[in-house]
Amino acid sequence: MFHVKLPGQDAIARQGDEHLVTYRVRLPRKVVEHPIRQVAKRLSMALFVLVLTALIVYADRDGYNDNAGGGISLLDAFYYATVTLSTTGYGDITPASESARLTNILVITPLRVLFLIILVGTTLEALTERTREEWRLTRWRSTLRDHTVVIGFGTKGRSAIRTVCATGLKKEQVVVVDPSSKVIDAATAEGYAGIVGDATRSEVLKQAEVHKARQIIIATQRDDTAVLVTLTARQLNRGAKIVATVREEENAPLLKQSGADAVVTSASAAGRLLGLSVLSPSAGMVMEDLIQQGSGLDIVERPVVKAEVGKTPREVADLVVSVIRGHRVLGYDDPAIGRLELTDRLITIVRKTPATQVAPDIRPMPPLPRNN
């Protein structure tokens, strides 16, 4: 049996009779007022309507008849307003004069309707919240495909997805999976959908629609977790591009054997950039600029256009760094390139401006060769 609960609530899925998998699905929400503040505001409005009604009745107290005898006091006016607005209507105090009856028709009745809308509306909103969230969740699942799944939303995962979004990927096409509820809260606050759960479990990844994803970014804190997530993700989706990060360089081959198309060693990469900055601070600044998408110099992968077919990499208008031909990545000066072909892809360096944003290519990249 399989259940999906609302954002912020636990949803439990049973796998056989051995254990339970707990996860929570959270979608980005619009900024709304605090619930207590909303309730206080509605109660204040209802109290204002009650006081207004009582004052109107008291101002025309001579036109009302009290079956108990005597005149209409301020307490009687509040009593009449309460039983009238709540539609109780005991009938012990009634409008007797024509002006009082006219006031009931034109003023008291609309106030009664407004009073009921305020109170009943709060109840209806609470009752329909579940239906609205379930419909929203169902609609989200039905429209989610060719998206990006980010496993781990720490410093590495957050930086990776911001870099991808800088090339034109919409936040609605990103799903974040992390075991920490606070981390997912931060992700939804930035506009991403989030799944709270253990990404090594296939049921949790299914909630992120991994089987329909186009690319998967694995940025977990532990290398062994990254291996398990990669194995599970590759089992669910054979065609997605999986990019993973590891701390230790000796674990990189294991990630590739598990199904990752590309593996980045975070510690070694940071160390190499640090060493380059020591040797040449200017070169370090250029490299830092290149890996920060959206400003300055950007490194971009794109297909060869028809006008470039038959040219050499040096004859292309953009600064070509490498040429991807089949499964091979060739340097711009590699004699094996010869002339550019229509099926080639270019890795170029371009200057980023608002008018030259390069959207991510929608064609799948051929898988890189893996170590067996």
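Two residues are in contact when heavy atoms of theirs lie within 4.5 Å. Keep that in mind for the exercises below, and remember that the model is predicted.

**Exercise 1. Find the contacts of G310, leaving aside its neighbours within four places in sequence.**

Solution. Start with the location: G310 is in the loop between β11 (296-303) and β12 (319-325). Next, apply the contact rule, and you get R339 and L340. Now try another view of that region: the C-alpha atoms of G310 and L342 are 8.7 Å apart, although their positions lie 32 residues apart along the chain. Finally, check the surface: G310 has 33% relative accessibility, so call it partly exposed.

**Exercise 2. Decide whether T348 is buried or exposed, and list its contacts beyond four places in sequence.**

Solution. First, place the residue: T348 belongs to strand β14 (residues 345-352). Second, look at its relative accessible area, which is 0%. Buried means under 20%, so T348 is buried. Third, go through the contacts, again skipping neighbours within four places: you should find D298, I299, V300, R302, D318, L319, V320 and V321.

**Exercise 3. Work out how the rings of Y64 and Y80 are arranged, and which parts of the chain they tie together.**

Solution. The structure has two aromatic pairs, and here's one of them. The ring centres of Y64 and Y80 are 5.3 Å apart and the planes meet at 65°. Planes over 60 degrees apart count as edge-to-face, so that is the label for Y64 and Y80. Then look at where they sit: Y64 is in strand β3 (residues 64-66) and Y80 in helix α2 (residues 74-85), so the pair ties together parts 16 residues apart in sequence. As for burial, Y64 is buried at 7% relative accessible area, and Y80 is buried too, at 6%.

**Exercise 4. Do the same job for F153 and Y192, then find which charged end sits over the ring of Y192.**

Solution. Begin with the geometry: F153 and Y192 are 5.9 Å centre to centre with 70° between the planes, an edge-to-face pair. Now trace the chain. F153 is in the loop between β5 (148-151) and α4 (155-165), while Y192 is in the loop between α5 (181-189) and β7 (193-196); the pair links distant parts of the chain, 39 residues apart. Both rings belong to buried residues: F153 has a relative accessible area of 1%, and Y192 has 2%. For the last step, the charged end you want is that of K171, which is 5.6 Å from the centre of the Y192 ring. If you'd like another case to try, R61 has its charged end over the ring of Y58, 4.3 Å from the centre.

**Exercise 5. Name the residues of the nonpolar surface patch and the helix that gives the largest share.**

Solution. The patch members are L43, L116, L119 and V120, and together they make about 300 Å². Helix α3 (residues 98-143) supplies the largest share, with three residues. V120 is in helix α3. Its relative accessible area is 41%, so V120 is partly exposed.

**Exercise 6. Sum up the protein: how many helices and strands, and what percentage of residues is buried?**

Solution. Count the elements and you reach 10 helices and 14 strands. Of the 372 residues, 35% are buried. On the outside, the accessible surface is about 21,300 Å², and carbon and sulfur atoms account for 60% of that. Last, consider contacts with a separation of 6 or more: 62% of them are between residues 24 or more positions apart.

Definitions and conventions. Residues are numbered from 1 along each chain as its sequence is written. This is a predicted model: local features need pLDDT of at least 70, side-chain atom pairs count only at pLDDT 80 or more; totals for chains, interfaces and linings use all residues. Side-chain values use heavy atoms; hydrogens and water are left out. Patches are made of residues with over 30% relative accessible area and no salt bridge: like charges are joined within 9 Å, nonpolar side chains (Val, Leu, Ile, Met, Phe, Trp, Tyr) within 5 Å. Accessible areas come from the Shrake-Rupley method with a 1.4 Å probe; for residues, only the protein chains shown count as cover. A salt bridge is a side-chain nitrogen of Lys or Arg within 4 Å of a carboxyl oxygen of Asp or Glu. Helices (H or I, at least four residues) and strands (E, at least two) are DSSP runs, numbered from the N terminus. Buried means under 20% relative accessible area, exposed over 50%, partly exposed in between (1.4 Å probe, protein chains only). Rings of Phe, Tyr and Trp (its six-membered ring) pair if their centres lie within 6.5 Å; planes under 30 degrees apart count as stacked, over 60 as edge-to-face and the rest as tilted. A charge sits over a ring if NZ of Lys or CZ of Arg is within 6 Å of the ring centre and within 35 degrees of the ring normal.
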